[in-house]
Amino acid sequence: MLRVSRDLTIDEDDIEIVFVRASGPGGQNVNKVSTAAQLRFDTSKIALPPDAAERLARLAGSRMTKDGVIVIQAFRFRTQERNRADGIERLLAMLQEAMVRPTPRRATKPTFGSKQRRLEGKKRRSDVKAGRGSRGFDD
């Protein structure tokens, strides 16, 4: 069992891992050995709150299929074990990020001091620009 959050765990058997040939580092080994891990995780197998499921779909983006299956390609390393661990780690990080509720923004008003500083800056800039104009000389 992999712990995502305090109240959410996923079973390792729910994650399908297939090894395929990869591009990237490895030299000729890349052409001979299937080291890249392709993880498939069906999100319908876990009980996610509706808001977390929505955030997960937004985070996964094109990595989530229409059926709700997340597909992660892991080919950063040269060995199957490290790519497998990397893929699982990325899946857990995505699920953990989806479980965090964003704090709602509270609307605030600017302070009196900040309004004064803004107007002072505008006045100073206005004076600088006004001083650049051509002055008419009466001869």
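Which helix does N83 lie in? Select N83 and you land in helix α3; helices here are DSSP runs of H or I with at least four residues, strands are E runs of at least two, and both are numbered from the N terminus.

Before moving on, some housekeeping. You're looking at a predicted model, where local features need pLDDT of at least 70, side-chain atom pairs count only at pLDDT 80 or more, and totals for chains, interfaces and linings use all residues. Residues are numbered from 1 along each chain as its sequence is written, and side-chain values use heavy atoms, with hydrogens and water left out.

**Stop one: N83.** This residue is buried, at 0% relative accessible area (buried is under 20%, exposed over 50%, partly exposed in between, using a 1.4 Å probe and protein chains only). Show its contacts, meaning heavy atoms within 4.5 Å. Setting aside neighbours within four places in sequence, N83 touches T35, A36, A37, A74, F75, R76 and F77.

**Stop two: the sheet.** Now colour the strands. You'll find an open sheet of 3 strands in the order β3-β4-β5, paired antiparallel; two strands pair if DSSP finds at least two bridges between them. At the edges sit β3 (15–20) and β5 (69–74), each pairing on one side only. From one strand to the next, the twist averages 20°. Pick out β4 (residues 36–42): 6 bridges join β3 to this strand. For a landmark, select I17, which stands opposite L39 in β4.

Bring back helix α3 (residues 80–99), which lies across β3, β4 and β5 and runs at about 140° to β5. Axes are lines fitted to C-alpha atoms, for helices over the stretch in contact, and angles run from 0 to 180 degrees between N-to-C directions.

**Stop three: salt bridges.** There are 4 in the structure, each being a side-chain nitrogen of Lys or Arg within 4 Å of a carboxyl oxygen of Asp or Glu. Stay in helix α3 and select D86 and R90, whose side chains meet at 3.4 Å, N to O. They lie 4 residues apart, about one turn of the helix. D86 is buried at 7%, while R90 is partly exposed at 28%.

Next, select R101 and D51, with their closest N and O atoms 2.8 Å apart. R101 is in the loop between α3 and α4 (112–130) and D51 is in helix α2 (residues 50–60), so this pair ties together parts 50 residues apart in sequence. R101 is exposed at 58%.

Finish in helix α4 with D127 and K123, another salt bridge at 3.4 Å, N to O. Add D51, R55 and R101 to your selection: salt bridges with shared partners join these three into one network.
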